[in-house]
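Thanks for coming. I will take a few minutes to walk through one structure. Please look at the screen while I talk.

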Amino acid sequence: MNETYRHKQLLSLLEEKKILSTNEIIDLLGVSPATARRDISKLHEQGKLRKVRNGAEAIETDFTQFFSNKINNVSEKQRIAEAASKYCFDGASVILTAGSTMQLLGNHLCGKHLQIITNFLPLTNYLIEHNHENIVIIGGQYNKNKRVTLSLNNQHENNYFADVMFTSGKGFTPEGLYKTDMILANSEQVLARKAHKFIALVDSTKLGKQVGMLFSDLSEIDLLITGREADPAIIQALRENGLEVVLV
């Protein structure tokens, strides 16, 4: 059985059973333990399933329906999300904004002793369905196209404080982080001022790009986590300007 067919079979089984142990995958697909673990890891990196202790779990949320096959650089974003999760200490309060990288990070944080503050409904639904205990949903009017709640004059966003805020963007240069959605950016700028630490999660294809509005000056960003595929010259320029950069 070739890899492509095995992956289709595994995802089909998960769609039916929701969760499978590694031993069940070995028996059902007739593969070795090493092959089963390798398939689980690869599909996890692609965002097609969630790797859990001794097995795999189906990802069935509004997130998968919303993004479907539109996620670019999934493997890199998975690495970024996993690295970002290590900056959340036990009992911390964290803000997660909208987008696929934030959803992937939320998947990693789900079930941990953390307060997660968000206005991103696909993430909220995932956390609720997976019984995360401490969720703060930022109030406001639901925007169907953006899948977020937004309030008038950011009246709700002003009420929240957090230990760490994570966000992403469409561009990143030595000037700072860029975003193209002005409505969301305005709301998220308020939240950024309420966090003690501000971490940007940006895949390597966005580095060096100036697009949309300058969301945050470089001096306002505490840490950038990006992929090891990033242009070394850009990374050097960012570090020379005093930014801590983590490559994953």
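I will start with the domains, go on to the N-terminal part, and end with the sheet.

First, a caution: this is a predicted model.

The chain is divided into two domains, with domain 1 covering residues 3-60 and domain 2 covering residues 66-247. Taken over C-alpha atoms, the centres of domain 1 and domain 2 are 28 Å apart. Eight residues from domain 1 and nine residues from domain 2 make up the contact.

Now some detail from the N-terminal part. Strand β1 spans residues 19-21, and Ile-19 lies in this strand. Is Ile-19 buried, partly exposed or exposed? Its relative accessibility is 46%, and because partly exposed covers the range between 20% and 50%, Ile-19 counts as partly exposed. Leaving aside residues up to four places away in sequence, Ile-19 touches Leu-14, Glu-24, Val-52, Ala-56 and Glu-57. For a sense of distance, the C-alpha atoms of Ile-19 and Asp-163 are separated by 33 Å, and these two residues are 144 residues apart along the chain.

Next come two helices, α2 with residues 22-29 and α3 with residues 33-45. Their axes come within 9 Å and cross at roughly 110°, which makes α2 roughly perpendicular to α3. Which residues meet there? From α2 they are Thr-22, Ile-25 and Ile-26, and from α3 they are Pro-33, Ala-36, Arg-37 and Ile-40. By class, that contact has five nonpolar residues, one polar and one charged.

Now the sheet. How many strands form it, and in what order? There are seven, in an open sheet with parallel pairing, and the order is β6-β5-β4-β9-β12-β14-β15. At the edges stand β6 (135-137) and β15 (244-247); each has a single partner strand, so one side of each is left without a neighbour in the sheet. On average, and with direction ignored, neighbouring strands are turned by 20° against each other.

To look at one edge: β5, residues 115-118, runs parallel to β6 and is joined to β6 by three bridges. Thr-118 stands opposite Ile-137 in β6.

Finally, two helices lie across strands of this sheet. Helix α5, residues 74-85, lies across β9 (162-167), β12 (195-201) and β14 (223-226), and runs at about 140° to β14. Helix α8, residues 182-192, lies across β4 (93-96), β9 and β12, and runs at about 150° to β9.

That is the end of my walk-through.

Conventions: Residues numbered from 1 in each chain as written. Predicted model: local features only at pLDDT ≥ 70, side-chain atom pairs only at ≥ 80, totals over all residues. Heavy atoms only, no water. Axes fitted to C-alpha atoms, helices over the stretch in contact; angles between N-to-C directions. Helix = DSSP H or I, 4+ residues; strand = E, 2+ residues; numbered from the N terminus. Parallel < 35°, antiparallel > 145°, perpendicular 65-115°, else oblique. Contact = heavy atoms within 4.5 Å. Nonpolar A, V, L, I, M, F, W, Y, C, P; charged D, E, K, R; others polar. Pairing = 2+ DSSP bridges. Buried < 20%, exposed > 50% of the residue type's maximum accessible area, 1.4 Å probe, protein only. Domains from an automatic or database assignment.
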